[in-house]
Amino acid sequence: MARAAGAIRSLDVLINNAGIAIYDDLGDPEIIEQHLAVNLFGTLKVTRAFLPQLARAEGAIVNNLSLAAIASLPMIPAYSISKAASSNMTQSMRALLKGQGVTVHGVFLGPIDTDMNRGLEIPKAPVAVAAQGIFDGLEKGEEDIFPDPASLSAAEGWRAGITKGLEKEFAAFVPPVAS
């Protein structure tokens, strides 16, 4: 990671997309640890590695989350826990990095037709639809992006809900960055 970050001089957008989803029943704490290692700490470590370039460019961080960050999927609770933690981290990054000119965007994806969802017989959005929705949301400056049909149904409730209101209220506690 450090070698890759050192090789890149300029970076406008960092998209944190890596993730795992292992079916579990919360019976094995190691599965929760695996999810947190990849879905939470992986995102944090990659972001920290590339933050200097993003700050210079006044760039954007895009953290791909999931609707499971908002409400747990009982068949993959460790995944849901890790995505909820990543969502909270995204909110913290948003407030903490604002003074450096870096915007932070959370992407609340519904089911997307990827390897992670292979075998699930549920409606899934094509990858191209999700990708276009992410870039459209980024272009519009949306903090929270709901890029596919399944997630779009939750967008208005999220944006008008108590969680978003508290996020804005709590962000005001971050001291301004000295210029």
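Is Leu 26 buried, partly exposed or exposed? Keep that question in mind while we walk through this model, which is predicted.

Start with the sheet. Four strands form an open sheet in the order E1-E2-E3-E4, and their pairing is parallel. Strand E1 (13-16) and strand E4 (144-145) sit at the edges, so to speak: each of these strands pairs on one side only. Now look at E2 and E3. Strand E2 covers residues 60-64 and strand E3 covers residues 103-107. These two strands pair in the parallel sense over 5 bridges. One bridge to find is that of Ile 61, whose partner in E3 is Val 104.

Next, add a helix. Helix H2 spans residues 29-57 and lies across E1 and E2. Its direction is at about 175 degrees to E1.

Now turn to the nonpolar residues. The largest nonpolar core has 13 residues. Within this core, Phe 50, Leu 54, Ile 61, Leu 97 and Val 102 have the most contacts. H2 and helix H3 (77-97) each supply at least two residues of the core. H2 gives the most, with 4 residues. Pick out Leu 97 and see what it touches. Leaving aside neighbours within four places in sequence, Leu 97 is in contact with Leu 51, Ile 61, Val 102 and Val 104. Ile 61 and Val 104 are the bridge partners we met in the sheet. There is also a second, separate core of 10 residues. Its members include Val 62, Ala 125, Leu 138 and Ile 145.

Where is there open space? The second largest pocket holds about 370 Å³. Its lining has 21 residues, and those nearest its centre are Arg 94, Ala 95, Lys 98, Glu 143 and Ala 171. H3, E3 and helix H6 (162-171) each give two or more residues to this lining.

Finally, go back to the loops. Most residues other than glycine have a negative phi. Leu 26 has a positive value, near 65 degrees. This residue lies in the loop between E1 and H2. Here is the reply to the opening question: Leu 26 is partly exposed, because its relative accessible area is 43%, and the partly exposed class runs between 20% and 50%.

Glu 58 also has a positive phi, near 50 degrees. Its place is the loop between H2 and E2. Which class does Glu 58 belong to, buried or exposed? Glu 58 is exposed, because its relative accessible area is 57%, and exposed means over 50%.

Terms used
Residues are numbered from 1 along each chain as its sequence is written. This is a predicted model: local features need pLDDT of at least 70, side-chain atom pairs count only at pLDDT 80 or more; totals for chains, interfaces and linings use all residues. Side-chain values use heavy atoms; hydrogens and water are left out. Two strands pair if DSSP finds at least two bridges between them. Contact means heavy atoms within 4.5 Å. Axes are lines fitted to C-alpha atoms, for helices over the stretch in contact, and angles run from 0 to 180 degrees between N-to-C directions. A nonpolar core is a set of buried Ala, Val, Leu, Ile, Met, Phe, Trp, Tyr and Cys residues joined through side-chain atoms within 4.5 Å. Buried means under 20% relative accessible area, exposed over 50%, partly exposed in between (1.4 Å probe, protein chains only). On a 1 Å grid over the protein atoms alone, a cavity is a set of points where a 1.4 Å probe fits but cannot get out, and a pocket is an open set with protein on both sides within 12 Å along at least five of seven lines; lining residues have an atom within 4 Å of a point. Grid points are joined across faces, edges and corners, and a volume is the space filled by probe spheres set on the points.
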